[in-house]
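User: Hi! I'm new to this one and would love a quick tour. Could you walk me through it?

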Amino acid sequence: MAALAALAVGAPAAVRHHRPLARRRLGHYTPEELAELDTDGLVLAVSRMLRRDGWVVLPQYTGQDRPRVRARNGQGHRVEVAFRPVAEPLPDEEPTRPARQAGTSLRLVVHRGTFTRRDIQWARRQDNTHLIDGPRLRSWAHGTPLHQLTDTP
């Protein structure tokens, strides 16, 4: 009897988890789905993946011309995610302000392709800046937790 009850509860949940819309809402994307996303879709996907990994996604600033996702976790860590094809700040972009609250601040730059050697060198000179290129993004979207991709909490 208990096995039937577990099957009755577990089967619909498993089916829902494998449906594309439900799977994406839970923060899991296929490589094909990632490739089809525009910038706004990628922002939504990253927000969902952060939530899946235990982060609380904060409201976006209004009036921003470039999308950013900001989040925090229960341990006081903060993350800011920028979306662009190059890692270095664009000429008209102001430098990132230091976090006002206590806790570690992490900056991610997400790109579906690959970063140049110059981008990689720039990121190494920055404090807590990590590049999430296409392969890492696909791994994260498949379910690998962010802390395993960046060696951060």
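User: How many bridges join strand β3 to β4, and do they run parallel or antiparallel?
Analyst: Happy to help! Keep in mind that this is a predicted model. Strand β3, residues 78–83, is joined to β4 by 6 bridges, and the two run parallel. As an example of who faces whom, L106 in β4 has V79 opposite.

User: And what pairs with β5?
Analyst: That would be β4, in the parallel sense, over 4 bridges. Two of the pairs can be named: V109 has L131 of β5 as its bridge partner, and V110 has I132 of β5.

User: Is β4 enclosed or open to the outside?
Analyst: Strand β4 covers residues 105–110, and 5 of its 6 residues are buried, so the rest of the structure largely encloses it.

User: Which way do the β5 residues point?
Analyst: T129 and L131 point to one side of β5, while H130 and I132 point to the other. All four are buried. That fits a general pattern: side chains in a regular strand alternate between the two faces of the sheet.

User: What kind of unit do β4, α5 and β5 make?
Analyst: Together they form a β-α-β unit, and it is right-handed.

User: Anything unusual in the loop between α5 and β5?
Analyst: Have a look at N128, which is found in that loop. Phi of N128 is near 55 degrees, a positive value, and the residue is not a glycine. For context, most residues other than glycine have a negative phi.

User: Is N128 buried or exposed?
Analyst: In between: N128 has a relative accessible area of 36%, so it counts as partly exposed.

User: Switching topic, what lines the second largest pocket?
Analyst: There are 13 lining residues, and those nearest the centre of the pocket are I120, A123, H130, L131 and R136. The elements giving two or more residues to the lining are α5 (117–125), β5 (129–132) and α7 (146–150).

User: How much space is in there, and what classes of residue does the lining have?
Analyst: The second largest pocket holds about 210 Å³ of space. Its lining is made up of 5 nonpolar, 4 polar and 4 charged residues.

User: Now zoom out. How many helices and strands does the chain have?
Analyst: It has 7 helices and 5 strands. Going along the sequence, they follow the pattern α-α-α-α-β-β-β-β-α-β-α-α.

User: And how much of the chain is buried?
Analyst: Of its 153 residues, 36% count as buried. As for contacts with a separation of 6 or more, 47% of those in the chain are between residues 24 or more positions apart.

User: One last spot: where is V56, and what is it in contact with?
Analyst: V56 lies in strand β1, residues 56–58. Leaving out neighbours within four places in sequence, V56 is in contact with R70, A71 and R72. The C-alpha atoms of V56 and N73 are separated by 5.9 Å, although these residues are 17 apart along the chain.

User: Is V56 buried, exposed or something in between?
Analyst: V56 is partly exposed, because its relative accessibility is 38% and that class runs from 20% to 50%.

How values were computed
Residues numbered from 1 in each chain as written. Predicted model: local features only at pLDDT ≥ 70, side-chain atom pairs only at ≥ 80, totals over all residues. Heavy atoms only, no water. 1 Å grid on protein atoms, 1.4 Å probe; cavity = no way out; pocket = protein on both sides within 12 Å on 5 of 7 lines; lining within 4 Å. Points joined across faces, edges and corners; volume = space filled by probe spheres on them. Nonpolar A, V, L, I, M, F, W, Y, C, P; charged D, E, K, R; others polar. Buried < 20%, exposed > 50% of the residue type's maximum accessible area, 1.4 Å probe, protein only. Pairing = 2+ DSSP bridges. Right-handed = clockwise from strand over helix to strand, strands pointing away. Contact = heavy atoms within 4.5 Å.
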